[in-house]
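Hello,

Here is the structure I promised to pass on to you. Have a look at it first, and then read my notes below with the picture open beside you.

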Amino acid sequence: MSVSKEVKRITTHVLRSMKDSGEKISMLTSYDYSMARIVDEAGIDVILVGDSASNVMAGHETTLPITLDQMIYHASSVIRAAKRSLIVVDLPFGTYQGNSKKALASAIRIMKESGAHAVKLEGGAEIKTSIKRILSAGVPVMGHLGLTPQAIYKFGTYTVRAREEEEAEKLIRDALILEKLGCFAIVLEKIPAKLAKKVSEQLSIPTIGIGAGPDTDGQVLVLHDLLGITKDFKPRFLRRYLNLFDDIKGAVQHYIKDVKSLDFPNEKEQY
Ligand code: KIV
């Protein structure tokens, strides 16, 4: 039985029922109206307005530079397109760490100004007070553990996290803290599949994996990676469904040729 097919709109409660019934959750990023419309119509469960917009939309090397205003702009565009999916928005770097009042103010701006349904924050015990305060205002929170790209300068590398026992144990503790606080789901990024399975079995809230193996309760990818728009990013966990970089480049080259050769516009393409 498909829980998600029975509902008109995906909510945090629907995600929980999906976990309970064993139906996997599908999640993809989107950052603009046109793409979000396609992704939503295709039937995705969750759209993440990820701070990966900093990489794929703005061309930055990391997710750190993107601002709250820019995230709100992306989220508003996605919200205008989405009719069915749950829209989760990343709180960007520097808008929630170390100051829970600031964290709440950032979350409220996202909810009020974009119309999003939930926010996502990276980290465990160290951001507990921020998560608690945001939840106290009735804003649903998705957690994010494992490789947390906002901490890239602490890690120094984008390699797999929590291979060592100490880090794996901290991740399990953090996941339990996030669940106890009231997070509705947790993204697990780039951790060993065995660990992701263990965490997913211990939690009653859903886990959504990226590079975390098949046993999480759902999967998430960056849309531009799945579509092959990002050409040079080739982690082992990524499955590309299209090669749009080359397809779009080919179409543009075809157009240039048609313009130069006077083939475009033809008689039917004018008034
Ligand atoms: O920003 C993002 O796209 C993300 C996903 C990789 C989970 O956080």
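**Around the ligand**

The shell of residues around the ligand splits into four nonpolar, four polar and four charged ones. Please keep in mind while you read that this is a predicted model.

Which residues make up that shell? They are Thr29, Leu48, Gly50, Asp51, Ser52, Asp90, Lys120, His144, Val187, Glu189, Ile210 and Val222. Try finding each of them in the viewer.

Three of these neighbours are worth a closer look, since their side chains have a polar atom facing an oxygen atom of the ligand at a listed distance. For Ser52, a polar side-chain atom is 2.5 Å from a ligand oxygen. In the case of Lys120, an N or O atom of the side chain lies 2.9 Å from an oxygen atom of the ligand. For Asp51, the distance between a side-chain N or O atom and a ligand oxygen is 3.0 Å. On its own the ligand would expose 260 Å², and the protein buries 95% of that area. As for where to look, the ligand sits in the largest pocket.

**The chain as a whole**

Now zoom out. The chain is divided into two parts: domain 1 covers 4-240, and domain 2 covers 244-271. Between the C-alpha centres of domain 1 and domain 2 there are 39 Å.

**Two backbone details**

Where is the cis peptide bond? It runs from Phe264 to Pro265, with omega near -5°. Pro265 belongs to the segment that comes after helix H11 (244-260).

The other detail concerns Ala162, which has a positive phi of about 60° although it is not a glycine. You will find Ala162 in the loop that links helix H7 (152-155) and helix H8 (165-181).

Happy exploring!

Note on methods:
Residues are numbered from 1 along each chain as its sequence is written. This is a predicted model: local features need pLDDT of at least 70, side-chain atom pairs count only at pLDDT 80 or more; totals for chains, interfaces and linings use all residues. Side-chain values use heavy atoms; hydrogens and water are left out. A residue is near a molecule or strand if one of its heavy atoms lies within 4 Å of it. A polar contact is a pair of N or O atoms within 3.5 Å; within protein, one must be able to donate a hydrogen and the other to accept it, and residues adjacent in sequence count only if both atoms are side-chain atoms. Accessible areas come from the Shrake-Rupley method with a 1.4 Å probe; for residues, only the protein chains shown count as cover. On a 1 Å grid over the protein atoms alone, a cavity is a set of points where a 1.4 Å probe fits but cannot get out, and a pocket is an open set with protein on both sides within 12 Å along at least five of seven lines; lining residues have an atom within 4 Å of a point. A molecule sits in a cavity or pocket if more than half of its atoms lie within 2 Å of its grid points. Ala, Val, Leu, Ile, Met, Phe, Trp, Tyr, Cys and Pro count as nonpolar, Asp, Glu, Lys and Arg as charged, and the others, Gly among them, as polar. Domain bounds come from an automatic or database domain assignment. Helices (H or I, at least four residues) and strands (E, at least two) are DSSP runs, numbered from the N terminus.
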